[in-house]
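Grab a pencil and work through a few exercises on one protein chain. Try each task yourself before reading its solution.

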Amino acid sequence: MAEKNSAVASGAAPSGDAARRRNVPGSTVPGAATSRPQPDETKIHGAKKSPSVLQILDEWEFIIAPLVFTAFAVFTRLWKIGLSPIVTWDEAHFGKFGSHYIKRELFFDVHPPLGKILVGLSGVLAGYNGSFEFKSGETYPQELDYTFMRAFNAFWGILCVPLAYFTAAELNLKRPAVWLVTLMVLCENSYTTISRFILLDSMLLFGTVATVFCWSKFHRQQKYSFEPEWFFWLFMTGLSLGFVCSIKLVGLFVTAMVGLYTIEDLWNKFGNTRMSYPVLAAHLSARVVGLIVIPFLVYLFSFALHFAILTRSGPGDAQMSSLFQANLEGSEIGRNSPLEVAWGSKVTIKNMGYGGGLLHSHVQTYPEGSSQQQVTCYHHKDANNEWWFYPNRTVADWTPESEPHLVNNGDTIRLIHAQTGRNLHSHDISAPITKSQKEVSCYGNLTIGDDKDHWKVEVVRDVASRDKSKLRTLTTAFRLKNAVMGCYLRAANVNLPQWGFKQIEVTCDKKNNPKDTFTHWNVEAHTNDKLPPGDPGKYKSPFLHDFIHLNVAMMTSNNALVPDPDKQDDLASQWWQWPILNVGLRMCGWDDKIVKYFLLGNPFVYWVSTGSLGLVGLVTVWYILRWQRGFKDLSQDEIDQIHYSGLYPVLGWFLHYLPFVVMARVTYVHHYYPALYFAILSLGFLIDFTLRKQHKAIQWTIYSILYTIIIGLYIYFIPICWGMTGSNQQYRYMKWFDTWRISD
């Protein structure tokens, strides 16, 4: 039907008698021209010439060029990749995480799991057993094929090069500009270096580049809505978004770009009065499924895989809920613990809010307020997490040698900190951070104290029983209400300053909200020699609860990664230094015996791409002003070219760069690399738009100069990528600025 309509629209549809006319051998249609024998073309013009080599190359450029670029990417990313046999930079983190996956030990990290699972997969493929600790600067053992693991990570960086080519082509750049964009990605020294180690950054870059490619393909399908190819690229965009967000949460920035594009697209469709509401609803539904549901399912799947692999107790246990820990192989949580809590029980108490930690105290005091002993929540196993259940001060005849007395719902008890002997306490002093709530401290001892040491137990629920009369290990959720203040013990993932070791603030909240899970607690570890052992760990924690709990813990820990004013971090850098390439990063020690790597970009790519961001904005403003004055400089196709191939890369750059300007966490040069890709696309658009109407000779002269500079500088700085051996002084020619610490 569509073909018929298009044929009618073009005037090619048969109609009337002409539609019924057919040429039959031996017959002549009235009014039709009589066919005449055609002369033999070969006799007139000679035999048809075969195409030249240049014509063949031109015709097949869309295959040959990306293959050539990819071949160079393979060479530059893999050449001498195993030269340095030591654990380099963040290989100490991500290699160790890969080891945990191989050993199936639970660990905690601030990033989503998919990239680290892939690192673990590279170790499995390399025949690695997970026994190496990946200590920074340590030499790799003979049995660990670190070269293969690095090459596995380089694979993702290699793929960025052909994807950049196809993305530039889909953005409707001319061939020389497509080559320019691809060459800038290929010859970006920082991209080469970061792809050659066991890190997540090459996967993050791949996910970002793949998302932009799929988005550009989907955009080109807008005239073919609901066709199979339209659906394919919509869903591929969603899969790419899910992939990049499952590597690092930086993927949310490119998600925001695609989201803004989608909002604009749907808004334009909403303004199209010829589009019916059912069709508009279908567009909305398709995008919800493709760009929200599919990415979320990919993200969810990465955590399901994470939990399915990590079935053994490990260093990350304390970040998870008590019930989750109790079901880990080798965990002591719940093993032979008494089922019910009594006076004289020594326990650890876990906050049940998402990302909650263990109730904790230490000898350090608050620098202001009461100046009493700090009480916090802590996410690691520690003796300072242990507390004794004691009766309140009105029970005078109880001693630790007395028969056990079970703690019931509604009982008023004291909690004694096991290491310091002080009472959990609250008073009418504002909390250090959350001023609307009260400070919680440790005060006094067994004999010194007051009624503000008393806490009433209020059982909320019990996953093992409908009977809420008792306080049970692991399964009972309870609240602690201060008997005098009337407020509830609460920990809401607010980080204390450095004087509190970035641990979680614990407060006393007067709001009585039984549904507030940050006021819910459970007994995790429990010992009491006077009570019989049980097995409370047979109940499992729901997957979605564990998923949300871990994500909150990741975000809380990430927010705590702020610069320490008392420590000098020579590797950290400031956001303003990145676009102007003011600073690089030493990835290892700088001893003459060590193969040295310096994380620094191609100066031309950095500086010119940064400048292009402002120039694209100026070009846009220029044409808007001329349009307002009535000039018709641009066709609709040219306006769309500026809109989607120029402004969206600039938008992508801002979305990836500005968050690091406002966030308080410690930052490093590699945080800029996803933003750099959008600056490269912006530069490619600007040069293409400026030169596309110029004479071919002018175009190719300028492009040739650009190609030469980019390749020349890449080769000039290639030692920082492939490894510098011997004295660093022989490489001082690359130290253009003092902040480029390539040589001492």
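Below are six exercises, each with a worked solution.

The model is predicted, so local features need pLDDT of at least 70 and side-chain atom pairs count only at pLDDT 80 or more, while totals for chains, interfaces and linings use all residues. Residues are numbered from 1 along each chain as its sequence is written, and side-chain values use heavy atoms, with hydrogens and water left out.

**Exercise 1. The overall picture**

Describe the protein chain by its helices and strands, its box and its burial.

Step 1: Start with the elements. The chain has 21 helices and 14 strands, taken as DSSP runs (helices H or I, at least four residues; strands E, at least two) and numbered from the N terminus.

Step 2: Draw the box. Along the principal axes, the C-alpha atoms fill roughly 125 × 75 × 60 Å.

Step 3: Check burial. Of the 744 residues, 51% are buried; buried is under 20% relative accessible area, exposed is over 50%, and partly exposed is in between, with a 1.4 Å probe and protein chains only.

Step 4: Look at contacts (heavy atoms within 4.5 Å). Among those between residues at least 6 apart in sequence, 74% join residues at least 24 apart.

**Exercise 2. A nonpolar patch**

Find which helices each supply at least two residues of the nonpolar patch.

Step 1: Set the rule. Patch residues have over 30% relative accessible area and no salt bridge, and nonpolar side chains (Val, Leu, Ile, Met, Phe, Trp, Tyr) are joined within 5 Å.

Step 2: List members. The patch covers about 1100 Å², and its residues include Val53, Trp60, Phe62, Ile64 and Phe72. Accessible areas here come from the Shrake-Rupley method with a 1.4 Å probe.

Step 3: Map them. The helices are α4 (53–59) and α5 (61–78), and α5 gives the largest share, six residues.

Step 4: Zoom in on one member. Ile64 belongs to helix α5 and is partly exposed at 32% relative accessibility.

**Exercise 3. Unusual phi angles**

Locate Lys80 and Arg104, then say what stands out about the phi of each.

Step 1: Recall the background. Most residues other than glycine have a negative phi.

Step 2: Take Lys80. Its phi is positive, near 55°, and Lys80 sits in the loop between α5 and α6 (91–103). Lys80 is partly exposed, at 45%.

Step 3: Take Arg104. Its phi is about 65°, again positive in a residue that isn't glycine. Arg104 is in the loop between α6 and α7 (114–125), partly exposed at 34%.

**Exercise 4. Far in sequence, together in space**

Work out the surroundings of Ile198 and Gly723.

Step 1: Place Ile198. It falls in the loop between α10 (189–194) and α11 (201–220), and at 0% relative accessibility Ile198 is buried.

Step 2: List partners. Leaving out neighbours within four places in sequence, Ile198 touches residues including Phe94, Val119, Phe134, Tyr140 and Met149. Ile198 and Ala151, 47 residues apart in sequence, have C-alpha atoms 8.5 Å apart.

Step 3: Move to Gly723. This residue lies in the segment after α21 (719–722) and is buried at 14%.

Step 4: With the same neighbours left out, Gly723 is in contact with Val595, Lys596 and Tyr597. Gly723 and Tyr597 are 126 residues apart in sequence, yet 5.3 Å apart C-alpha to C-alpha.

**Exercise 5. A bridge between two helices**

Show what Glu170 and Lys217 join, and state whether each is buried or exposed.

Step 1: Apply the rule. A salt bridge needs a side-chain nitrogen of Lys or Arg within 4 Å of a carboxyl oxygen of Asp or Glu. That gives 26 salt bridges.

Step 2: Glu170 and Lys217 form one, at 3.2 Å from N to O. The pair links helix α8 (residues 146–170) to helix α11, across 47 residues.

Step 3: Glu170 is buried at 18%, and Lys217 is buried at 15%.

**Exercise 6. One arginine, two aspartates**

Trace the salt bridges of Arg490 with Asp509 and Asp516.

Step 1: Asp509 pairs with Arg490, their closest N and O atoms being 3.8 Å apart. This connects strand β11 (residues 504–509) with strand β10 (residues 488–495), 19 residues apart.

Step 2: Asp516 also bridges to Arg490, at 2.6 Å. Asp516 is in the loop between β11 and β12 (521–527) and Arg490 in strand β10, so the pair ties together parts 26 residues apart in sequence.

Step 3: Check burial. Asp516 is buried at 11%, Arg490 is buried at 15%, and Asp509 is buried too.

Terms used. Patches are made of residues with over 30% relative accessible area and no salt bridge: like charges are joined within 9 Å, nonpolar side chains (Val, Leu, Ile, Met, Phe, Trp, Tyr) within 5 Å.
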